[in-house]
Amino acid sequence: MPFVLSAWVMVKEGTMGNVTDKEWEAEIEDFPESVKAVARKYPANICWRSTEDPEFHYCIIDYARAKNKETGEEKITVTLAHSSGTRRAGIATFGQDPTQLIRCGCGKWKAPTQEDKKRQAIKLGEHRRKRQEALKDPLKIGDLVTLKGVDEPEYADMPLPVVRVESQGVHIWVGSEKDPIGPLFRHDLERYSGPV
Ligand SMILES: [Zn+2]
């Protein structure tokens, strides 16, 4: 169940609102304790960067509780909205681990424009189409594949076995059981048909 923040935190005339720590505390008052702890450590009244790509510039737009299927452990995830003026403007990604975030606080995060959203919708449509196409040929563990849409030049054209499939669409791991490559999109994998 996501804990969605009021719009005033996120956007004030298209930029990050000037919300004090005290106001932030009031905003999260009704959150359950476990969510509140994360919301205090990773507040949404400042902007954030990512350890994964320094260009990413985020605003947290909600917090959610997720349960690990195997261990039953509770995990708090965040939804991150990319800033306008960056490559991924118009995208928000849910289920993200907040520990990947690095405090930025520059205040220059900008809400996505209509144009940003339109551009991403077109990309998403294309992505869905490719995915539907790929799903007609589902993969199972042991199938050999090559990576086609993935930037891993050392594995180019190398047949790799599928070692884990969590969902046919987006969570496929290949290579070795110990150190698998993934999660990968089904449409980034091509069934290998050459000699073994
Ligand atoms: Zn910033």
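The chain folds into 4 helices and 11 strands, and what you're looking at is a predicted model. Of its 196 residues, 22% are buried. Among contacts with a separation of 6 or more, 53% link residues that sit 24 or more positions apart.

**Helix 4**
- Helix 4 covers residues 114-135, which makes 22 residues.
- At 1.5 Å a residue, helix 4 should span 32 Å, and that agrees with the 31 Å between its end C-alpha atoms.
- Just 1 of the 22 residues in helix 4 is buried, so the helix lies largely in the open.

**The five-stranded sheet**
- Here 5 strands line up as an open sheet in the order 10-9-8-7-11, with antiparallel pairing.
- Strand 10 (180-184) and strand 11 (189-191) are the edge strands, so to speak the ones that each pair on one side only.
- Going from one strand to the next, the twist averages 45 degrees.
- Zooming in on one pair, strand 7 (residues 144-147) runs antiparallel to strand 11, and 3 bridges join them.
- Val145 has Arg191 in strand 11 as its bridge partner.

**Around Asp97**
- You'll find Asp97 in the loop that links strand 5 (92-96) to strand 6 (101-103).
- Asp97 has 11 C-beta neighbours inside 10 Å, and that is why Asp97 counts as exposed; the cut-off for exposed is 12 or fewer.
- Lys75 is 22 residues from Asp97 in sequence, while in space the two are 8.5 Å apart, C-alpha to C-alpha.

Conventions: Residues are numbered from 1 along each chain as its sequence is written. This is a predicted model: local features need pLDDT of at least 70, side-chain atom pairs count only at pLDDT 80 or more; totals for chains, interfaces and linings use all residues. Helices (H or I, at least four residues) and strands (E, at least two) are DSSP runs, numbered from the N terminus. A residue is buried if 20 or more other C-beta atoms lie within 10 Å of its own, exposed if 12 or fewer, and partly exposed in between; C-beta atoms are placed from the backbone. Two residues are in contact if their C-beta atoms, placed from the backbone, lie within 7 Å. The expected span of a helix is 1.5 Å times one less than its number of residues. Two strands pair if DSSP finds at least two bridges between them. Axes are lines fitted to C-alpha atoms, for helices over the stretch in contact, and angles run from 0 to 180 degrees between N-to-C directions.
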